[in-house]
Each structure stands twice: as C-alpha cells, then as structure tokens.
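Reader: Please take me through one part of this chain in close detail. I would like the aromatic pairs, with enough of the surroundings to place them.

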Amino acid sequence: MSNDTIAAIATAGGPIGIIRLSGARAAEAVDAVFQPASGGKLSEIPANYLTYGQIRLEEGAPLDCCFAVHMNAPRSSTGENMAELQCHGSPAVLLEIMNALYRLGVRQAEAGEFTKRAFLNGKLDLAAAEAVNDLIASRTAEAAQNAAAQLMGAVGSRIRQVRDELVEMVAHFHAVIDYPDEEIDPFLFENAQEVIHRAAAILYRLAESYERGRIMHEGVPCVILGKPNTGKSTLLNTLLGRDRAIVTEMPGTTRDIIEETVRLGPVLLRVSDTAGIRNTVDPVEKEGIDRALRTASSASIILAVFDSSEPLTDDDLMVMARATGRTSIAVVNKSDLPSAVDLEHITRYFQHVLPISAKTGEGIDRLTELIPHLLGLDTAAFDGEMITNARQAAALARAASRCEEALFGAQSGMTYDAVIMDAEGAIAALGEITGQNVTDDIVNKIFENFCVGK
Ligand code: GDP
C-alpha cells in the first residue's frame, strides 16, 4: 500500500470537530497548523499526550484553540504514525485546516481508509474491521455489545481456532503422503473425521446465528393487523409512547401503512400499522387492505388485534385466518371495557392471547416481554458470536457445507484426497472471513461502505 499521509474530518457536525491523520508525516503535518501553548512542536512532545494549543495557519491570527495528540507507529489504531486535532466544531475552521494539510501534501482519506490500513497492518482481522461499521450503526445497546465483541476479535478468534485445527489436520495428511520415509504418526481417518465434525458443529451454530443477528441489526418486521376500530393505531402509539398514528372513532382512517421503529429491550421492532381488514367496495380502502395483507405475509411477527368489547365478526375471522400458522399474538384490546368477545374462540386459533388496554396501558408490559421471547431474542448472548454480516454468513455457510461434504465423503468411502479437498475448501472459506486469504477486490469493496474518517 502507499505510505502517504491521509486526513479526514472524523466527526459529523456537533460542538467538537475531530481531524484524524494517519501516515508517516502525521505529526509533522500537524506541526504546521498547530502551536502547543507550552511552546515547541507537537512532534517533540511525547506520544499519546493530549496537548493544548492554537490552530495557526501560516502567519495568520489563531483560528481556534484546541487539543492535539500524536501516536507513534505501530502503537496506534492504524498501526502507522497518527495525529488528531480536537477542535471546536466550526465547519469553516475544519475546512481551513484540511486545506492547509492538503497544501502540505496530506491527502484526503478515502471511505474506510483508516480501518483498511488497520487491517492491512494486522491491527484488526477482516471480521473485526467490518464490526466497526456495525458498531457505528448500532441502534440498541445489545447490538453495540455484539459489535464491540466482534471488534475485539470474538468472531475472528473462534474462526481462526476452527481453521487452525483443519489446517493442522490437512498438513498432517500431506506430510504423511509427501514424506513416506519419515517417522510421522499415521494419518487416521477417525481423527480427521472428529476434527471436521467439531468444525462443522461450530460453523453451523455461527451460521445459524446470522438470522438472529440480522434481526438484531436491522429490526424485526412486525405488523399490526385487525378489523377497523379495534385500536391498532392506539396500540402503535402506546408502544411508541407518543402520538404517531391518527386515532379516530371513524373506521377506515389508516389507509396506508405507517411504519415506526420501537425498541423492546434487545429487540428493534419495525412496527407497521395497517388499514383495518374488512369487506369493502371502496377501491382506495381495498388497496389499503391488500397492502396490509401483503405486509403481513412478509412480517416476522403479527399482532392480531381484536376488540374485547364486541362479539367477533366475519372481519375478525379474516384476520385470524391470516395470522394462524405464523408467529403471532392475539392482542385482545379494550380490556378496560366490559367484555363481550368469545375469548375461547380466539384461543383456538392463537397460542398466545393477551388481554390489553392500549388506552390505559394495561397489559402492555406483558406484550413487550412476550415479543422478544417469541423471537428467541430474550436470552440471546450478545458476545460477538452472533453474526450480523451477510458476507461473513455466506462464507461460514460455504465452509460448513464443505465440512459436511468432507464428512459425507469420509463416511461413504471416498478417497482421502477427495475428503481433504473439501477440508481445504472449508479452510479457504474461513480465511475469507478473517482476511487470511481474501482478494484485494473484496477488501476494497468492504471498505467502500465505510464512512470517511473511519
Ligand atoms: P384502529 O382503527 O384499529 O386503528 O383503531 P384506533 O386506534 O383508531 O381506535 C379506535 C377507537 O377505539 C378510538 O376511539 C380509540 O380511542 C378507542 N380505543 C382504542 N384502544 C382502546 C382501549 O384500550 N380502550 C378503550 N376503551 N378504547 C380504545
């Protein structure tokens, strides 16, 4: 890689603006724009000391008073010399500083270039580098916890452990074949099978965590379904804790889909409030109902809302038909009113029936506890071993299936060669996750998705 010095504004607005530099000349470049209050130059002050001073461009008057720090290679996040300026966040000042740095031959960093340099300098494996983006985008503490563990190497170390065992097994095989005269322990198929079996079990477990990881990262699509006036919009508002959907006594008010994000403990729920389901001839309302049903068919969880103060109608039966066989909860609303609904009938269709009052909030706690439980996210371990990245998940699935093919080959009496070839395929796929064998194209593609300054 080129060893030029790069810089970027690392903050997105706000009272403090940080400029980061990485490369051999980082501290030297900062010397040209920053004057320590104690005199001298930043580059002469020991590394890692936050130093107070002024921004002074050429012979001009001070532009800002700020802190600066420099770090020496390899003890920095990129593994190169680095420097940082922590200014007051004026975009004009930050741009002036950047322009002065460009005049000194410092180059604007590309998206993700700091993290890419950290990867190329062996500071992070590829799985950890990818977690940087996840961490920035985390919308729940649990998602952040998982990404932070990945950033600290949780996925990488587990994968490396599996890969190392496979490599050792394959190397042993080749040693026995290539050096028949040496006194090497015989290669035993049983031992090889045991190694592959252990690897497959770990890889499948990790690959399967992707679905839950994706849900944690992107949110779970959840749809509120029910005939008009059962209190769907009121329920959405209660979940949100504010008025978002229009609540009226006139049936058919919500015609389009309203989507909102609600955080329920570790779960990010993308809740869609939909048009009330009923038989209608109004073409606009009909379109709204069709959309509601389409949304329901792709949702991970359906909240089917019924009005407990009225007997069930044909429209309620339509809702039931859509929700049965799916992950769903019958939300029997208006529990504050005298009950007139046939609860037993609802219980026949739903495994989970919850009486609530969206208006008073009664029963909402039980609902917000039940949802993460039904999605299997209430007891999930957020230890970084939950895969959230599609590229890693695909490579894991490939590695796991090559292991399975190897096992199948071994059990069905295939030659050693064929089995070892599958094991080598698994090793290659695992190397793609950590970056041990990955092409430049893939590396470039990954870092393109980063923000500038990271
Ligand atoms: P939607 O058509 O299903 O979205 O129903 P809305 O949320 O617009 O509510 C319809 C009517 O039912 C409104 O007058 C609400 O105030 C009322 N409502 C909603 N939830 C409750 C509840 O829990 N108890 C009572 N008593 N009324 C409710």
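Author: Among contacts between residues at least 6 apart in sequence, 67% join residues at least 24 apart. Keep in mind that this is a predicted model. The chain holds 15 helices and 13 strands. Buried residues account for 48% of its 454 residues. The radius of gyration is 29 Å, whereas a compact globule of 454 residues would have one near 22 Å. Along the principal axes, the C-alpha trace spans about 80 × 80 × 35 Å.

Now the aromatic rings. The structure has seven aromatic pairs. Take Phe173 and Phe187. Their ring centres lie 5.2 Å apart, and their planes meet at 70 degrees. Planes over 60 degrees apart count as edge-to-face, so this pair is edge-to-face. The pair links distant parts of the chain. Phe173 sits in helix H6, residues 154–178. Phe187 sits in the loop between H6 and helix H7, which covers residues 189–218. In sequence, the two are 14 residues apart. Is each of them buried or exposed? Phe173 is buried, and Phe187 is buried too. The pair also belongs to a cluster: ring pairs link Phe173, Phe187, Phe189 and Tyr416.

Next, helix H3, which spans residues 113–120. Seven of its eight residues are buried, so H3 is largely enclosed by the rest of the structure. Two of the buried residues are aromatic in name, Phe114 and Phe119. The buried set also includes charged types: Glu113, Lys116 and Arg117. Thr115 and Ala118 complete the list. Just after H3 comes Gly122, with a positive phi of about 75 degrees.

One strand residue deserves a look as well. Asn333 is found in strand E12, residues 328–333. Its relative accessible area is 4%. The cut-off for buried is under 20%, so Asn333 is buried. What does Asn333 touch, leaving out residues up to four places away in sequence? Its contacts include Thr230 and Gly231. They also include the run Val305, Phe306, Asp307 and Ser308. Ile356, Ser357 and Ala358 are on the list too.

Last, the surface and the charges. The chain exposes about 21600 Å², and carbon and sulfur atoms supply 52% of that area. There are 40 positive and 62 negative side chains. The centres of these two sets lie 6 Å apart.

Terms used. Residues numbered from 1 in each chain as written. Heavy atoms only, no water. Helix = DSSP H or I, 4+ residues; strand = E, 2+ residues; numbered from the N terminus. Rg over C-alpha atoms; globule rule 2.2 N^0.38 Å. Buried < 20%, exposed > 50% of the residue type's maximum accessible area, 1.4 Å probe, protein only. Contact = heavy atoms within 4.5 Å. Areas by Shrake-Rupley, 256 points an atom, 1.4 Å probe, with all protein chains shown as cover. Lys, Arg positive; Asp, Glu negative; His and termini not counted. Charge placed at Lys NZ, Arg CZ, Asp CG, Glu CD. Phe/Tyr/Trp six-rings, centres within 6.5 Å; stacked < 30°, edge-to-face > 60°.
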